[in-house]
Amino acid sequence: MVRVLSDADVASVLELEALLPVLAEAFEKQYAGEVERPERPHYPIGTGLDPDAPTEPTGTGLCMPAYVHGEPYAATKLATVCPDNPDRGLPTVTAQLALVDAETGQPRSYMTANRITSARTGCIGGLAARELAAEGPLELGVIGAGTQARWQTRAIAAAVGSRLEAIRVYSPSDSKVDCAAELEDELDVPATAVETPREAVAAASVVVTATTATEPVFLGEALAEGTLVVAVGAYTPEMRELDATTVDRAATVVADVPEEAAETGDLLEHGDRELVPLGGVLAGSFDRESPDDIVVVASVGSAVLDAATAAFVYDRAREAELGTDVPL
């Protein structure tokens, strides 16, 4: 029997406060080399479907397998990216996760994974803020007002608690107003939509960039001393959120997957920079040397986090008797 978990099932058990330590442990296992994380293949889909552009694909398919040593399940995430989907009233990215018993290889669960992807990516910012933000009250500047901007903010709030005292959101669109209002209502933290990137970052102790930009989204000269910058939007050489000044001012650059982060637009021209693994930070092998240091955390995401989150969700769903068992 395979347990099928809907988005409502996943939402019922996916608590960020409980997920954060699970993902911290997964990062430490990744740092220690105690995971299997093959390269993720991606390929064009939909070629030949559009009679007006028969040689053009309609999107991209991705396969992301992973296994954490010693865990009872292995996971494979299947995702698609279809840029025209918003015009159809559908999400641009759609993902599902298949979970199998790591000892027998038998299928255990099939679940929707958009929320899982959003939450595990948000927790990267949450863990970074917990470990690397300066001490004392925190003000958060968010560049971007979409789904991931919201999840980053939620996870940071879950990780630092009452230390988060203010949120400022910038986006070139009016979505920043709705984003700020939603976050203030949900987190009970004052949140303001601002008109420029400088207003968002200038007095912030933590800055999050969660965009699909191909050019820098704020000027590094605007950062205050001691700022933690968490950049989660760029995951290809063509994508970029940070300018050279931000990286040059950083005393330390941390990355969730250093070898992959080095190939993104944010860091491509900084090949001589040492990238500290986030797993090493969480394992206690690194801490900021001075409260005045600017620290950058560059994230590209890891299927290891999908595997850990899927197992967390599956076990909780079984305990709560959620989902539908289906024979194959």
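**Close-up 1. Arginine 168 counts as buried, at 14% relative accessibility.** This view, like those that follow, comes from a predicted model. The side chain of arginine 168 meets that of glutamate 139 in a salt bridge, 2.9 Å from N to O. The two partners sit 29 residues apart, so the bridge links distant parts of the chain. Glutamate 139 belongs to strand β8 (residues 138–143), and arginine 168 to strand β9 (residues 164–170). Glutamate 139 has 30% relative accessibility and therefore counts as partly exposed.

**Close-up 2. Arginine 150 and glutamate 182 form a salt bridge.** Their closest N and O atoms are 3.1 Å apart. Helix α4 holds arginine 150, while helix α5 (residues 175–187) holds glutamate 182. The partners are 32 residues apart and connect distant parts of the chain. Arginine 150 is buried, because its relative accessibility of 14% falls under the 20% limit. Glutamate 182 is partly exposed, with a relative accessible area of 30%. Shared partners extend the contact: Arg150, Arg154, Glu182 and Glu186 are joined by salt bridges into one network.

**Close-up 3. A salt bridge joins aspartate 306 to lysine 77.** The N to O distance between their side chains is 3.2 Å. Aspartate 306 lies in helix α10 and lysine 77 in strand β5, with their positions 229 residues apart in the chain. The pair thus links distant parts of the chain. Aspartate 306 counts as buried at 1% relative accessibility. Lysine 77 also counts as buried, at 3%. The whole structure has 16 salt bridges.

**Close-up 4. The largest pocket has a volume of about 1500 Å³.** Its lining takes in 40 residues, and those closest to the centre are Val81, Val93, Thr117, Gly233 and Tyr235. Helices α3 (114–132), α4 (147–160) and α8 (258–261) each supply at least two lining residues. Strands β4 (59–68), β5 (73–81) and β6 (93–101) each do so as well. The largest share, five residues, comes from α3. By class, the lining holds 16 nonpolar, 18 polar and six charged residues.

**Close-up 5. The second largest pocket holds about 260 Å³ of space.** Of its 13 lining residues, Val22, Glu71, Ala308, Ala311 and Phe312 are the closest to the centre. Helices α2 (16–31) and α10 (303–319) each give at least two residues to the lining. The largest share is that of α10, with five residues. Nine lining residues are nonpolar and four are charged, with no polar residues.

**Close-up 6. One cavity of 30 Å³ or more turns up in a search of the whole structure.** The largest cavity contains about 70 Å³ of space. Its lining consists of Arg37, Pro38, Glu39, Arg40, Met64, Pro65, Glu260, Gly301 and Ala303. Four of these residues are nonpolar, one is polar and four are charged.

**Close-up 7. Val4, Tyr110 and Val326 form a nonpolar surface patch.** Together the three residues have about 210 Å² of accessible area. Valine 4 lies in strand β1 (residues 2–5). Valine 4 has a relative accessible area of 34% and is therefore partly exposed. That value passes the patch cut-off, because a patch residue needs over 30% relative accessible area.

Definitions and conventions
Residues are numbered from 1 along each chain as its sequence is written. This is a predicted model: local features need pLDDT of at least 70, side-chain atom pairs count only at pLDDT 80 or more; totals for chains, interfaces and linings use all residues. Side-chain values use heavy atoms; hydrogens and water are left out. Patches are made of residues with over 30% relative accessible area and no salt bridge: like charges are joined within 9 Å, nonpolar side chains (Val, Leu, Ile, Met, Phe, Trp, Tyr) within 5 Å. Accessible areas come from the Shrake-Rupley method with a 1.4 Å probe; for residues, only the protein chains shown count as cover. A salt bridge is a side-chain nitrogen of Lys or Arg within 4 Å of a carboxyl oxygen of Asp or Glu. Helices (H or I, at least four residues) and strands (E, at least two) are DSSP runs, numbered from the N terminus. Buried means under 20% relative accessible area, exposed over 50%, partly exposed in between (1.4 Å probe, protein chains only). On a 1 Å grid over the protein atoms alone, a cavity is a set of points where a 1.4 Å probe fits but cannot get out, and a pocket is an open set with protein on both sides within 12 Å along at least five of seven lines; lining residues have an atom within 4 Å of a point. Grid points are joined across faces, edges and corners, and a volume is the space filled by probe spheres set on the points. Ala, Val, Leu, Ile, Met, Phe, Trp, Tyr, Cys and Pro count as nonpolar, Asp, Glu, Lys and Arg as charged, and the others, Gly among them, as polar.
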